[in-house]
Amino acid sequence: QLQLVESGGGLVQPGGSLRLSCAASGFSLDNYFITWFRQAPGKEREGVSCISRSGGSTMYADSVKGRFAISKDNAKNTVYLQMNSLKPEDTAIYYCAVRRTVVSSVCVLRDATYDYWGQGTQVTVSS
C-alpha cells in the first residue's frame, strides 16, 4: 500500500520543540520532492517547508525561517521537520505531501498537485 504517515505532533509550550516525521511506505522518496503543509482552523493551508529529491535544496516559509529545519533520511525513507522556538501561531495540523519529479534539485511550497498526502498530525503550542 502506497502511503505517507506523519507522526511526532503533540502539545508543547511556547518556546518548545517538536520533530515531525513523514514516513513513506510502498514507494521510494528518491523520486519525489517533499513539502510540509499546515492548516490552522479557519485558515488556508500553507506550505511550510520543502526538500528536493536530492536533499540538497530546501525552502522555508518566512514565518518559520530560522526556527524550522527539514531533512531527509534516504535509508529510512523518511523526511523530518524539526520545529524549534515554537509559537502559538504554529498551532495547526501538519501534513506532508510528495510530488514525483525528474529534477533532483527543486521543490516548491505552493499548493500544487501532489501525488500522495499524509493524514496529518496535530501540533498545539500553548501554555
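Q: How many residues does the largest nonpolar core have in this predicted model?
A: In soluble globular proteins, nonpolar side chains tend to be buried together. Here, strand 3 (18-25), strand 4 (32-39) and strand 9 (92-100) are among the elements that give two or more residues to the largest core. W36, F68, L81, M83 and Y94 have the most contacts inside this core, and its residue count is 29.

Q: Which residues are among the members of another core, apart from the largest one?
A: Let's look beyond the big cluster. This other core has eight residues. Among them are F33, F37, C107 and V108.

Q: Is R45, which meets D111 in a salt bridge, buried or partly exposed?
A: The side chains of R45 and D111 come together at 3.0 Å, N to O. R45 sits in the loop between strand 4 and strand 5, while D111 is 66 residues apart from it, in the loop between strand 9 and strand 10 (116-117). Buried means under 20% relative accessible area and exposed means over 50%. R45 has 33%, so it is partly exposed.

Q: Why does the salt bridge of D90 and R67 tie together separate parts of the chain, and how many residues apart are they in sequence?
A: The two side chains meet at 2.7 Å, N to O. D90 lies in the loop between strand 8 and strand 9, and R67 lies in the loop between strand 6 (58-60) and strand 7, so the pair joins parts whose separation in sequence is 23 residues.

Q: Which residues do salt bridges with shared partners join into one network?
A: D90 and R67 are both buried, and their side chains form a salt bridge. Through shared partners, the network consists of R38, E46, R67 and D90.

Key. Residues numbered from 1 in each chain as written. Predicted model: local features only at pLDDT ≥ 70, side-chain atom pairs only at ≥ 80, totals over all residues. Heavy atoms only, no water. Core = buried A, V, L, I, M, F, W, Y, C linked by side-chain atoms within 4.5 Å. Buried < 20%, exposed > 50% of the residue type's maximum accessible area, 1.4 Å probe, protein only. Helix = DSSP H or I, 4+ residues; strand = E, 2+ residues; numbered from the N terminus. Salt bridge = Lys/Arg side-chain N within 4 Å of Asp/Glu carboxyl O.
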